[in-house]
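Hi everyone, thanks for making time today. I'd like to walk you through one structure, so please have a look at the screen and we'll go from the whole chain down to single residues.

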Amino acid sequence: MNQSEQLDAVFMALANPTRRAILARLAQQGEAAVNTLAEPFEMSLPAISKHIRVLEAAGLITRGRNAQFRPCTLNAKPLEAVAHWTDQYRHIWDARFDAMDHIIQAMKETEDD
């Protein structure tokens with residue numbers, strides 16, 4: 001998978017709130033079995049498994065082997081590509097926030113007068 005395809009896969013995986021919640025759970029509490037990851041959701045185990053396969057295909061999680069269990073672990077490496085991609089636009093955000101700050105300051109000065 002080339003870099004552009006990897007980025008597409010990561011963004012597609014992150015587009016779903018269930019998958020983001022699974023990643024957040026793994027980031028906060030560490031590796032977990034599929035059954036554990038499924039607990040907070042009102043959906044079937046096969047549905048959760050599909051979400052996990054999407055995350056795995058995007059490289060965001062890895063599945064280990066511990067006897068009959070296959071615990072899921074967060075792999076944050078693909079998120080670096082997302083951070084790098086979004087970082088290209090940081091100067092635009094910074095400029096807009098600076099402009100907004102100037103407007104707010106001007107409004108406060110006008111109120112004080």
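Before I talk about charge, a word on counting: Lys and Arg are taken as positive and Asp and Glu as negative, while His and the chain ends are left out. On that basis the protein chain carries 12 positive and 15 negative side chains. The centres of those two sets are 17 Å apart. Please keep in mind throughout that this is a predicted model.

Now for the overall layout. What does the secondary structure of the protein chain come to? We have six helices and two strands. Following the sequence, the order is α-α-α-α-β-β-α-α. The radius of gyration of the protein chain is 20 Å, whereas the globule rule gives 13 Å for 113 residues, so the chain is more spread out than a compact globule. Along the principal axes, the C-alpha atoms fill a box of roughly 70 × 35 × 20 Å.

How much of the chain is buried? Of the 113 residues, 25% count as buried. The accessible surface comes to about 7,900 Å², and carbon and sulfur atoms account for 54% of that surface. As for contacts, if you take those with a separation of 6 or more, 48% are between residues 24 or more positions apart.

Let's turn to some individual residues, beginning with helix 1, which covers residues 3-14. S4 sits in this helix, and S4 counts as partly exposed because its relative accessibility is 48%, in between the 20% and 50% cut-offs. Now pick out Q105 as well: S4 and Q105 are 101 residues apart along the chain, and their C-alpha atoms are separated by 41 Å.

Next, helix 2, residues 17-29, where you'll find T18. Is T18 buried or exposed? T18 has a relative accessible area of 12%, so it is buried, the cut-off being under 20%. Which residues does T18 contact, once we set aside its neighbours within four places in sequence? They are F41, M43, I48 and H51.

Over to helix 5, which spans residues 77-87 and includes L79. With a relative accessibility of 29%, L79 counts as partly exposed. Not counting residues up to four places away in sequence, L79 touches V10, L14 and L60. Take L14 from that list: L79 and L14 are 65 residues apart in sequence, yet 9.9 Å apart in space, C-alpha to C-alpha.

I've saved the aromatics for the end. How many aromatic pairs does the structure hold? There are two. One of them is F11 with W85, an edge-to-face pair at 5.4 Å centre to centre, with 75° between the planes. F11 belongs to helix 1 and W85 to helix 5, so this pair ties together parts that are 74 residues apart in sequence. Both rings' residues are partly exposed: F11 has a relative accessibility of 34%, and W85 has a relative accessible area of 35%. Y89 comes into the picture too, as ring pairs link F11, W85 and Y89 into a cluster.

If you take one view away with you, try putting helix 1 and helix 5 on screen together, with F11 and W85 picked out as the aromatic pair between them. Thanks for listening, and I'm happy to go back to any of these residues.

Technical notes: Residues numbered from 1 in each chain as written. Predicted model: local features only at pLDDT ≥ 70, side-chain atom pairs only at ≥ 80, totals over all residues. Heavy atoms only, no water. Helix = DSSP H or I, 4+ residues; strand = E, 2+ residues; numbered from the N terminus. Rg over C-alpha atoms; globule rule 2.2 N^0.38 Å. Buried < 20%, exposed > 50% of the residue type's maximum accessible area, 1.4 Å probe, protein only. Contact = heavy atoms within 4.5 Å. Areas by Shrake-Rupley, 256 points an atom, 1.4 Å probe, with all protein chains shown as cover. Charge placed at Lys NZ, Arg CZ, Asp CG, Glu CD. Phe/Tyr/Trp six-rings, centres within 6.5 Å; stacked < 30°, edge-to-face > 60°.
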